[in-house]
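User: I'd like to go through a model with you and learn how to read its features. Can we take them one at a time?

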Amino acid sequence: MPALSDNTIKLFKKVATRTVQGEGGLLTGEDPSAYNSSDPLRLWIIQVGVIIMMAQLLSLGLRRIRQPKVIAEVLGGILLGPTAFGAIPGFTQHIFPSDSLPYLTLVADIGLCLFLFLVGLEIDASIVKRNARLSIVVSLAGIALPFGLGSALSLPLYHHFIGPSVQFTYFMLFTGVAYSITAFPVLCRILTELELLDTTVGIVVLSAGVGNDVVGWTLLALSVALVNAGSGLTALWTLLICVAFAIFLLWPVKRVLLWLARKTGSVENGPTMFYMTVVILLLWGSAFFTDIVGVNAIFGAFLVGIAVPREGGLAITLTEKLEDMVSIVFLPLYFTLSGLNTNLRLLNNGITWAFTIAIVALSFMGKFGGCTLAAKFSGFGWREASTVGSLMSCKGLVELIVLNVGLEAGILTQTVFSMFVLEAVALTFLTTPLVTALYPPERRVRVSGQLVQRTAAGHEDGMDTDDSKFPGKDGPWRYRFTIILDKLEHMPGVMALTQLILPTPSNSSSVTSVTSTAETVDLKKPEVTVDALRLIELSDRTSAVMRSSAADTLIYTDPLLGIFRMFGELNDLAVSTSLSVVPFDDFPHRVADHALRHASQLVLLPWLPPASGYHNSMEAEATPTTPKSPRFEHNPFEAFFGSFSRVDKSASAMNSQFVRSVFAQSKTDVAVFIDIGDRSGAGGSQHVFFPFFGGPDDRLALEFVVQLCLNPRITATVVRYIKQGVDVTPLGKPAGVHVHEREQIPTIRSLAHRDDTLSIRSTAFPDTVYGQPTTQTRMQSETADSVTWGKYASPKADPDTPSLLRAALSRIQFSELSTPTPLRAAIQRAATIRQAHTRLLIIAGRSKRLATESHHHELKEIFEEYGTNGDMVRKTIGDVASAMVVSSSASTLVVLQAAILAE
């Protein structure tokens, strides 16, 4: 009788015949962990707790070497079995007594049916259609050769380890199926984590994995039908019934489910309660039918998963509702039961280990060799073809399911079962390091509408060289931007910052009021293009992997991208969109790599500063009694258990770490838009205030201010602060003493972008680490400061200044100020400007390298005065911007950091 039905009937008989026993509990001296047939829940809870904790502890370490979670779950089951903990006297009898295993098995079988339902939901026929010819060739080669090798190896295995009661054909069939299977769910996660889904290799492997999975489950169903049937004729009838049932589910039932989903609004708004009820009833009904006809219940659940419609992301939403319970509780239970049947101590002689090594080697050779040769003959290079072979050799939990079915059917002995479990773990473990070594990021060929080839020089065809990233000789204009979209609450800031950089409409009447007609004709600005990068976090959930595999359709349905596309249409702005599903730790690297590959000149990031200490100072008057915000502390274990593990899990704190990491890794200029949220009195014209202190970041910020003032609706005040031990004395506009150095500006700019810096990817505290400045680099930076300041502060002294630049500078008021407290002077100036201009935007350089003066002491006093701890903000945006945020000098700020380029 099939396993699931058999276990269910046995449990009902036990419940019907059991006698009532005492349940006094701890107060009566009873051992709560002792097995009690009248109350098996106690021991079951203990078993589940031990299993889940073991799997989670192992995953913490294995995650650091980018291994899939299934490895931790399988190893946890093996360790809890007779291989390790089971050898401890009394452990198995006390924690996993034989009388309690039927309850554990029943729950595990229920979870396995739900998991196979989720696997069916993952399989999408449209994936195969993307590259049908290549995927079919690779899939068939990955089944035929391993099946042949497995069948050949089954002969000596049968004679050494299998008794005569098992027919050889059954054993050969199970061995061939175990060799030919590929773990599609694990394969999807590996492709996503290694960022291969948008590569030619990823597309072919994903399509071939779908075909391989479907054929593998079909072969397994055939094997089970042959084993459970008493004769060949019965097996044939069983197979025909299953084929007819599959056709019934995949055509009429699928159409009914689609009609019901549209009728109940489940396609647009997610599955309703009624729709979920229908699907769950269909799931268990199908599992029951395939179980009673002689095929395992998991096949019925698998077929229902395939039959669920994919329209409107319905399959993804259904997965979200079930996946947590399945992955956290049910699957670890199933792997623990596999581990209890796995005893690596049985591999205790040379013959056994020789067969084990042969099983591992032939399994890898069959999958790797067959898929590699098929991919090579289909047109791939050897590197790409070998990567395809490495990925298709991933076994994972699907082979374990096949092995458990064979063990339950009596086809496999415990020794052979342990050999194949070790093979499945070894090949799954090898997949990630092999792919990383064979197919590094710089060698990958990505598909984004068209193939993008990399040239020998390291650039991409069709993209500009590094020279295009810097402003042209006619002005400091940046017109290619990458804008990051990750959360809905950042959208106002993103759109506000994008609105500032938009070019002025040619028919604007305000243009002629500021410039002459001749100047207006001479205004030539390049077209602004914006690439919106949507970042979605790849979590441990199956639904996140499904989203990543469906990124080509999700890019058209994502609400944030839809909002920004509409914003671009309303403002006549050329907007291209990209979508990336990666782990949160990889967000900064993806941003830096995306900006570099698309030759962006400026990366625009939104950021919401921590609300605990700053909004208090904004909403109420700052007094010495203002309560201070709690101190932000770093988790001492974050270096071991993840780069973004921290005490403060607030959205602003996590975004702060993200922004700092982008600053550290970006090879492109970066601008961070800080939206404090104080919109009271917002109206009138936009005014910009920029306190200039010097350094490459401030020089970039000055150029950005000039570009903003191309818009005649924007005016600006730029003050150069010089820290001196004298009274505050305002100075007039500087004379054109540096005009004669104008021809040196390109050289100075190149020096500004080649400061002695070092960008690293820190594990625990992501930030930019700069090399120690020398006297020469400081002198070069100070010279560049003077040249840049003189160029923009005195444009009339140079008749060759382009009219576009003169029009922008005419709306900027320049001044210099020497003061012993420049930050306080800047705060006071901002407050004065805000009285006349309610819409005040403050621009600041991050100034964490080659700054002329240190503001640490003065900033500390400002923090104490406003009663807040701004350590996180200071590390993120620098001293000047932190002082402006804490003092609530403006409702919006933009902080810029110049590109950090390697020599």
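User: Let's start with a loop. Where is Arg66 found?

Analyst: This is a predicted model, so keep that in mind throughout. Arg66 sits in the loop that links helix 2 (41–63) to helix 3 (69–80).

User: What is phi like at Arg66?

Analyst: The general idea comes before the case. Most residues other than glycine have a negative phi. Arg66 has a positive phi, near 60 degrees, and it is a residue other than glycine. As for accessibility, Arg66 comes out at 38%, so it counts as partly exposed.

User: Which loop holds Ser888, and what is its phi?

Analyst: Ser888 lies between helix 36 (879–886) and strand 15 (892–897). Its phi is positive too, near 55 degrees. Ser888 has a relative accessibility of 16%, and under 20% means buried, so that is how it is classed.

User: Let's zoom out. How many helices and strands does the chain have?

Analyst: There are 36 helices and 15 strands. The chain runs to 903 residues, and buried ones make up 55% of them. For contacts, look at how far apart the partners are in sequence. Taking the contacts in the chain with a separation of 6 or more, 82% are between residues 24 or more positions apart.

User: How do I read burial for a whole helix? How many residues of helix 9 are buried?

Analyst: Count the buried residues against the length of the helix. For helix 9 (184–193), the count is ten of ten, so the helix is largely enclosed by the rest of the structure. The buried set includes Arg189 and Glu193, along with Phe184, Val186 and Leu187. Just after helix 9 comes Glu195, with a positive phi near 60 degrees.

User: And what does helix 17 pack against?

Analyst: Start with the count again: nine of the eleven residues of helix 17 (residues 382–392) are buried, so helix 17 is also described as largely enclosed by the rest of the structure. Among the buried ones are Glu384, Thr387, Gly389 and Met392. The buried residues of helix 17 pack against helix 7 (132–161), helix 9, helix 10, helix 16 (350–377) and helix 19 (414–438).

User: Now helix pairs. At what angle do helix 10 and helix 14 pack?

Analyst: Take the angle and the axis distance together. Helix 10 (residues 200–228) and helix 14 have axes 10 Å apart and an angle of about 150 degrees. Angles over 145 degrees count as roughly antiparallel, so that is the label for this pair. The crossing of helix 10 past helix 14 is left-handed.

User: Which residues meet there?

Analyst: Helix 10 brings Trp217, Leu220, Ala221 and Val224, and helix 14 brings Ile298, Phe299 and Phe302. By class, this contact has seven nonpolar residues, no polar and no charged.

User: How do helix 11 and helix 14 cross?

Analyst: The axes of helix 11 (residues 232–264) and helix 14 (residues 297–307) come within 9 Å and cross at roughly 40 degrees. That angle makes the two helices oblique to each other. Helix 11 passes helix 14 in a right-handed crossing. On the helix 11 side, the contact uses Phe245, Ala246, Leu249, Leu250, Lys254 and Leu257, which meet Leu303, Val304, Ile306 and Ala307 in helix 14. Nine residues of this contact are nonpolar, none is polar and one is charged.

User: How do I check the length of a helix? What span should helix 31 have?

Analyst: Set the expected span beside the distance between the end C-alpha atoms. Helix 31 (residues 775–793) has 19 residues and, at 1.5 Å a residue, should span 27 Å; its end C-alpha atoms are 27 Å apart, so the two agree. Its buried residues include Thr777, Asp785, Trp789 and Tyr792.

User: One last feature: which residues is Val128 in contact with?

Analyst: Setting aside neighbours within four places in sequence, Val128 is in contact with Ser135, Ser207 and Val210. Val128 belongs to helix 6 (residues 125–130), and its relative accessibility of 23% makes it partly exposed. Val128 and Val205 are 77 residues apart along the chain, with 9.8 Å between their C-alpha atoms.

User: And Thr557: buried or exposed?

Analyst: Exposed, as its relative accessible area is 57%. Thr557 lies in helix 24 (residues 551–557). From Thr557 to Gly312 is 245 residues in sequence, yet 8.8 Å in space, C-alpha to C-alpha.

Terms used: Residues numbered from 1 in each chain as written. Predicted model: local features only at pLDDT ≥ 70, side-chain atom pairs only at ≥ 80, totals over all residues. Heavy atoms only, no water. Axes fitted to C-alpha atoms, helices over the stretch in contact; angles between N-to-C directions. Helix = DSSP H or I, 4+ residues; strand = E, 2+ residues; numbered from the N terminus. Parallel < 35°, antiparallel > 145°, perpendicular 65-115°, else oblique. Left-handed = near helix turned anticlockwise from the far one by under 90°. Contact = heavy atoms within 4.5 Å. Nonpolar A, V, L, I, M, F, W, Y, C, P; charged D, E, K, R; others polar. Expected span 1.5 Å × (residues − 1). Buried < 20%, exposed > 50% of the residue type's maximum accessible area, 1.4 Å probe, protein only.
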